[in-house]
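This report looks at a protein model together with a bound ligand. Please have the sequence and the structure open while reading.

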Amino acid sequence: MNLNNYGWNDKLNQLKQESTYNTLSHGRVSIVHRTCYEVVSENGLFQCELTGNMMYGKLDSELPCTGDWVIFQPFDDHKGIIVDMLPRERTLYRKKNGTVADKQAIASYVDKAFIVQSLDDNFNVRRAERFMVQILEENIKPVLVLNKADLGLDRQKIEEQIEHIARQMPVLFTSIHQSQTILQLRESISEGETVVFVGSSGVGKSSLVNALCRKAVLLTSDISLSTGKGRHTSTRREMVLIDNSSVLIDTPGVREFGLTIGNSDSLAEILEISDYVKLCRFRDCEHINEPGCAVLEAVKSGALDCRVYESYLKLQREAWYFSASEHEKRKKNKSFSKLVDEVKKHKTNL
Ligand SMILES: Nc1nc2c(ncn2[C@@H]2O[C@H](COP(=O)(O)OP(=O)(O)OP(=O)(O)O)[C@@H](O)[C@H]2O)c(=O)[nH]1
Ligand SMILES: [Mg+2]
Ligand SMILES: [Zn+2]
């Protein structure tokens, strides 16, 4: 297999040379099962496990995920042990459900993210903003893919609602039943790019990947119209190569997509609020009820959509809460590992 098709390049090769294990094989994680990693390498597909050292002292979010580049020691034709991971770039994270500060790595070395929504009651501008903020924060290019365009939702109404986000990312209307739209989607993927598909369950992520591959490589499911929600067809993040030139990563639908960003300046910028923020009388204005708040003025005058304003406050609070809890957690971890070190030292002194 030619790994250049999977995105291997000089820069990655340089990073590999800097590893202690630079004489071993390298490859890209294509699927993660519970403790088994499928790795695409020059010598084909390998089922790998991690060395104890790789796991030791690492958070779940730091273990390899789909898209990561790893170094492994093959021990037969199809099996190997992962001994190192190249430093991550452009990784899409989300906050883990039901936690305050745990994040989960969805995919790494991602160039573009397709935020997929279907044009039925799944369509939700606030959710699209949330994905967009997180994706832009990781220096990944977002694209809003509005699928099931064949269902006949009023396109003009939709375009009105997404005007502000359409200034930040391209928007494509697609349908697996309209081949022209699939061609357009294909054209939006450049050679050598890695594209991850994210969105709720049932919106058609796997169907779109299949349509782009022109064959059924992934399982998709008819969601029964009577029960609708709650069925998740894809259960793992999976990598597919198209036309030997670009990598698609399908992901299981997520019900919630919590932010793991900490920088509210970029949030204001992305939601096009920063021009007002600059005009607030107080530098630490929270834009809630302060006198001389230009953001509130803009909402009052109608210059700023009050739904975007509310979305901003909500996301900002969430980002702040995440980074504060993460900071707290790190502090605790640090003092815990210090304690472990001291106990070890004490033991050896005895
Ligand atoms: N009408 C219509 N149905 C579509 C379209 N794309 C997908 N579907 C249908 O939507 C259902 C769900 O599609 P999937 O591709 O399994 O959805 P998914 O986003 O991968 O869902 P999860 O894997 O659960 O996250 C299937 O019955 C598809 O046939 C479309 O463009 N139009
Ligand atoms: Mg799927
Ligand atoms: Zn203000």
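The shell around ligand 1 consists of 15 polar, 5 charged and 4 nonpolar residues. This is a predicted model, and the ligand is described first.

**Around the ligand**

Among the 24 residues around ligand 1, the ones that come nearest are Asp-150, Ser-201, Ser-207, Ser-221 and Ser-234. Helix H7, which covers residues 205-213, supplies the largest share of the shell, with 3 residues.

Three side chains have polar atoms paired with atoms of ligand 1, as listed here.

| Side chain | Atom of ligand 1 | Distance |
|---|---|---|
| Asn-147 | nitrogen | 3.1 Å |
| Asp-150 | nitrogen | 2.7 Å |
| Ser-207 | oxygen | 2.5 Å |

How much of ligand 1 does the protein bury? Taken alone, ligand 1 exposes 660 Å², and the protein buries 90% of that area.

**Domains**

The domain assignment divides the chain into domain 1 (3-85), domain 2 (92-221 + 233-250) and domain 3 (264-344). Domain 2 is thus written as two segments. In the contact between domain 1 and domain 2, 17 residues come from domain 1 and 19 residues from domain 2. The C-alpha centres of these two domains lie 26 Å apart.

**Confidence**

The average pLDDT of the chain is 90, and 93% of the residues score at least 70. Where does pLDDT stay under 50? This happens over residues 224-228, for which the model has 2 contacts beyond four places in sequence.

Note on methods:
Residues numbered from 1 in each chain as written. Chains lettered and ligands numbered in written order. Predicted model: local features only at pLDDT ≥ 70, side-chain atom pairs only at ≥ 80, totals over all residues. Heavy atoms only, no water. pLDDT = per-residue confidence, 0-100. Contact = heavy atoms within 4.5 Å. Near = heavy atom within 4 Å. Polar contact = N/O pair within 3.5 Å; in protein donor to acceptor, adjacent residues only side chain to side chain. Areas by Shrake-Rupley, 256 points an atom, 1.4 Å probe, with all protein chains shown as cover. Helix = DSSP H or I, 4+ residues; strand = E, 2+ residues; numbered from the N terminus. Nonpolar A, V, L, I, M, F, W, Y, C, P; charged D, E, K, R; others polar. Domains from an automatic or database assignment.
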